[in-house]
Each structure stands twice: as structure tokens, then as C-alpha cells.
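Below are some notes on the disulfides and the aromatic contacts of this model. Please read them with the structure open.

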Amino acid sequence: MSRINKNVILALLTLTSSAFLLFQLYYYKHYLSAKNGVGLSKSKGSRIGFDSIQWRAVKKFIMLTSSQNVPVFLIDPLILELINKNFEQIKNTSHGPTSECNFFCVPRDFTAFALQYHLWKNEEGWFRIAENMGFQCLKIESKDPRLDGIDSLSGTEIPLHYICRLATHAIHLVVFHERSGNYLWHGHLRLKGHIDKNFVPFRKLQFGRYPGAFDRPELQQITVDGLEVVIPKDPMHFLEEIPHSRFIECRYKEARAFFQQHLDDSTVEAVAFRKSAKELLQLAAKTLKKLGVRFWLSSGTCLGWYRQCSIISYSKDVDLGIFIQDYRSDIISAFQDAGLPLKHKFGKVEDSLELSFQGKDDVKLDIFFFYEETDHMWNGGTQAKTGKKFKYEETEAQRSEVTCSRSSCHNIRAKI
């Protein structure tokens with residue numbers, strides 16, 4: 001009898017140990033992995049496989065856009081970051097069968113794509129086909145800011161965002177519009193009164209909290225989790241743009257009012273200067289971008305953007321501002337290599353640094369360096385003819401205005 005009891009006890013212990021081991025595996029798979037964040041691993045990829053709602057929603061959306069020739073590309077920050085980190089592995093496995101879903105099966109509420117609206121030729125009927133495939137779609141429109149300067153067209157609405165929901169997952173289609181200056185712009189996602197605020201968790205959207213502007217990306221097609229998708233050729237560059245993409249329009253109505261009181265200078269000389277100044281701005285922006293140096297429109301150039309949505313024709317130069325902590329020793333040589341010789345250098349890095357470069361057609365580029373103190377910021381200035389020095393201080397309140405101007409002016413690009 002005692003022998004039987006021992007066998008029974010041994011069996012019970014074995015069952016208990018097995019059950020405990022299975023519980024540990026389940027706990028690690030479903031709780032600890034989720035806590036530790038998203039990553040490309042075997043346990044992650046197999047945790048939610050090809051039957052996941054995320055993957056099925058993306059697959060249906062790609063089928064929809066492919067069949068209707070909708071020019072979209074992936075801009076989802078989470079997925080792009082994973083793709084960028086594991087790009088070599090994706091290239092090596094793109095032509096073979098995929099056994100695990102490592103990217104589009106990652107738990108999330110949305111997957112974001114961009115629509116190149118200027119390339120879209122077949123908008124009609126798109127909603128109906130999407131609904132036939134099981135999607136519930138929402139279209140968000142607002143007025144076209146590009147037409148605000150034209151009284152007869154001001155207020156014309158354009159599509160800004162589409163949200164297509166399949167079960168518990170939604171595709172956020174961000175509409176990218178062309179803007180002068182060779183960049184792409186998307187609008188603010190504002191919910192009008194008739195829109196169901198519970199349609200999706202709007203607060204979790206990665207795009208649409210404010211208008212944004214992006215460089216026009218080169219695109220490439222790759223295979224991810226068995227799906228052919230188009231992504232930016234340089235995913236890291238696109239990801240780095242997102243935190244700095246906020247776009248602020250110039251004040252078209254105020255500009256029109258200004259020109260009603262003060263006639264716009266449309267002489268041949270003024271038109272030629274504004275053209276040269278814009279080209280100089282583009283070249284300066286390109287040069288500083290290569291260096292990774294933050295900048296903003298300053299002084300008269302920023303005043304022209306803010307007051308009249310243009311460049312002040314009688315200013316005869318272009319002004320930029322840079323924080324002194326962003327100064328680089330190779331900044332002068334970078335501008336010289338870009339075809340802009342150094343004309344003046346005033347002050348020094350420790351005090352009142354100012355650089356002046358000569359552009360074409362006698363248009364000058366002035367770069368002022370700003371110094372931050374505890375309760376104010378300042379920049380120096382030097383009168384070229386006399387050598388007389390000036391110090392311009394800004395209070396804390398003025399500093400917030402400058403910061404606002406910095407973010408907006410940096411993103412207007414060649415808009416003015």
C-alpha cells in the first residue's frame with residue numbers, strides 16, 4: 001500500500017511541476033514580453049501570428065490600395081523603426097517563405113500610411129470598395145490653406161485624413177499634399193461636430209495633432225511579413241523628421257490687410273531680389289541640414305514672413321538665427337563649399353558671434369548666434385562700417401515668441 005502511495009505522490013508531483021512550468025511559459029509569453037516593449041524576437045513574433053487582426057487589417061488595406069492604384073507608403077513610426085533596425089534580415093528573407101510575423105503583428109491600435117494625393121487619380125468609389133472589404137471608413141476634410149491668399153477660392157475643402165477600421169484595428173491614412181518648395185504637407189486632424197468621437201481612440205494617433213511638413217522622400221518597395229509595402233528609402237531620416245515636423249502657416253489674412261495699406265513692391269528689382277533671397281534660403285537650409293544644425297528665420301526675414309508672408313524687398317539680405325551651442329567649427333567651410341564665400345566674421349564663439357556670407361546677385365546671408373542666460377537670451381551685432389557693437393536682449397516672454405517663430409520659420413522652407 002505504501003508503494004502505491006509513493007507512486008501516486010510521485011505522479012502528482014510530476015503533474016504539478018509540469019503545470020507550474022506551463023504557467024511560467026504562458027506568463028513569460030503573454031505578460032513579461034509585453035512589459036519589456038516591442039522587439040524583434042522569436043517569442044515576440046510568434047506571440048501574435050498571421051491570424052492577428054493587425055496583420056489581417058494591413059493585408060486587406062494593401063490589397064485595397066494595390067487594386068485601386070492608390071499611391072501610399074508606410075509611415076508608421078513603430079513599424080518603420082523595427083524595419084530600420086532589422087533591414088538586413090528583411091532583405092535576406094524577402095524572397096523566401098515567411099514563417100513568423102515580426103512586424104505588422106506587433107500589438108497597436110493603428111497602422112499609419114501616407115497618401116500622395118497629387119498622384120491619386122481614382123478617388124471615386126474608394127470608400128464603397130473599402131466597405132465591401134469589411135472596413136468602416138471616416139473621411140476628414142478641411143479648407144485648403146494653399147488657397148487662403150485667393151479670395152475666390154478661400155475655404156475650398158480638401159481631404160486631410162482617412163481612418164479605416166477593421167474590427168479592433170484601424171488604418172490611419174495621412175493625406176500628403178504638395179507645397180511649393182518641393183516638400184509634402186499634411187493637415188491638422190480636427191473632429192467636426194457630426195463625427196463619432198468614439199470611432200477610434202483618436203488621442204493615440206501619431207499624426208494629425210498639428211499640421212506637418214516633410215521632405216519629399218525617395219521610396220522603395222520591400223516585403224515585410226509576407227506583404228509587399230512601399231516605405232521611405234531612408235526610414236531613419238523620415239523618423240528623425242517627425243519630432244520637428246510641426247508646420248505653422250503664415251498669416252494670409254493679415255498679409256492681405258497689410259498690402260491693402262502698403263502697396264506691394266512689384267518692380268523688376270524687387271521681384272528679382274525676392275527670387276534670389278528664396279534661392280539663398282533654400283541653399284542655406286540645405287547646408288545647415290547636412291551639418292545637423294538647427295536654425296530659424298531671424299530679424300527682418302522672420303518679420304517679412306510674419307507680417308506679409310513674403311520677403312521684405314528693401315532688406316537686401318537674409319537673416320538666420322542659431323543657438324551658440326549648435327555652432328560647429330566646420331560651418332564656414334561648409335558654406336564656402338556650397339558656393340557662399342565668407343564676407344564678414346564678427347565677434348567670437350564666446351561673445352557676439354556673427355557670420356556673413358555673400359550670395360549671388362549681391363544678396364547677403366547673415367547668421368546671428370544666440371546666447372541663453374538664466375532669465376533671458378541675447379545676440380550680438382556689429383556695424384560693418386564702424387565696427388560698433390550692439391547687444392540685443394530678449395526677456396523670458398519674448399523668448400517664448402522667438403521659440404514659436406523658430407519652429408514655424410524652420411518649417412516654412414521656401415514657402416515665403
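1. The model is predicted. The points below take the disulfides in chain order, then the aromatic rings and the arginines that lie over two of them.

2. The structure has three disulfides. Counting bonded cysteines along the chain, their pattern is 1-2, 3-4, 5-6.

3. One disulfide links Cys101 with Cys105, with an S to S distance of 1.8 Å. The torsion about this S-S bond is about 100°, so the disulfide is right-handed. Cys101 and Cys105 are both buried.

4. Another disulfide runs from Cys137 to Cys164, at S to S 2.3 Å. Cys137 belongs to strand 3 (residues 136-143) and Cys164 to strand 4 (residues 157-166), so the bond ties together parts that are 27 residues apart in sequence. With a torsion of about 115° about the S-S bond of Cys137 and Cys164, the disulfide is right-handed. Cys137 has a relative accessible area of 14% and is buried; Cys164 is buried as well, at 2%.

5. Where in the fold are the two ends of the disulfide between Cys250 and Cys309? Cys250 is in the loop between helix 7 (235-241) and helix 8 (252-261), while Cys309 is in the loop between helix 10 (299-308) and strand 11 (317-323). The pair therefore ties together parts that are 59 residues apart in sequence. The sulfur atoms of Cys250 and Cys309 are 2.3 Å apart, and the torsion about their bond is about 115°, which makes the disulfide right-handed.

6. Are Cys250 and Cys309 buried or exposed? Buried means under 20% relative accessible area. Cys250 has a value of 6%, so this residue is buried. Cys309 has 15% relative accessibility, so this residue also counts as buried. A further cysteine, Cys302, has a relative accessible area of 10% and is buried.

7. There are 19 aromatic pairs in the structure. One of them is formed by Trp126 and Phe127, whose ring centres are 5.8 Å apart. The planes of Trp126 and Phe127 meet at 45°, and the pair is tilted. What is the relative accessibility of Trp126? The value is 1%, so Trp126 counts as buried. Phe127, with a relative accessible area of 26%, is partly exposed.

8. Phe176 and Phe214 form a stacked pair, because their planes are at 15° and planes under 30 degrees apart count as stacked. The ring centres of Phe176 and Phe214 are 5.7 Å apart. This pair links distant parts of the chain: Phe176 is in strand 5 (residues 169-179) and Phe214 in strand 7 (residues 212-215), 38 residues apart. Both Phe176 and Phe214 are buried.

9. Which residues form one aromatic cluster with Phe176 and Phe214? They are Phe73, Phe207 and Phe238.

10. Two arginines lie over aromatic rings. The charged end of Arg179 is over the ring of Trp185, 5.2 Å from the ring centre. Arg251 is over the face of Tyr306, with a distance of 3.9 Å to the ring centre.

How values were computed. Residues numbered from 1 in each chain as written. Predicted model: local features only at pLDDT ≥ 70, side-chain atom pairs only at ≥ 80, totals over all residues. Heavy atoms only, no water. Phe/Tyr/Trp six-rings, centres within 6.5 Å; stacked < 30°, edge-to-face > 60°. Buried < 20%, exposed > 50% of the residue type's maximum accessible area, 1.4 Å probe, protein only. Helix = DSSP H or I, 4+ residues; strand = E, 2+ residues; numbered from the N terminus. Lys NZ or Arg CZ within 6 Å of the ring centre and 35° of its normal. Disulfide = S-S within 2.5 Å.
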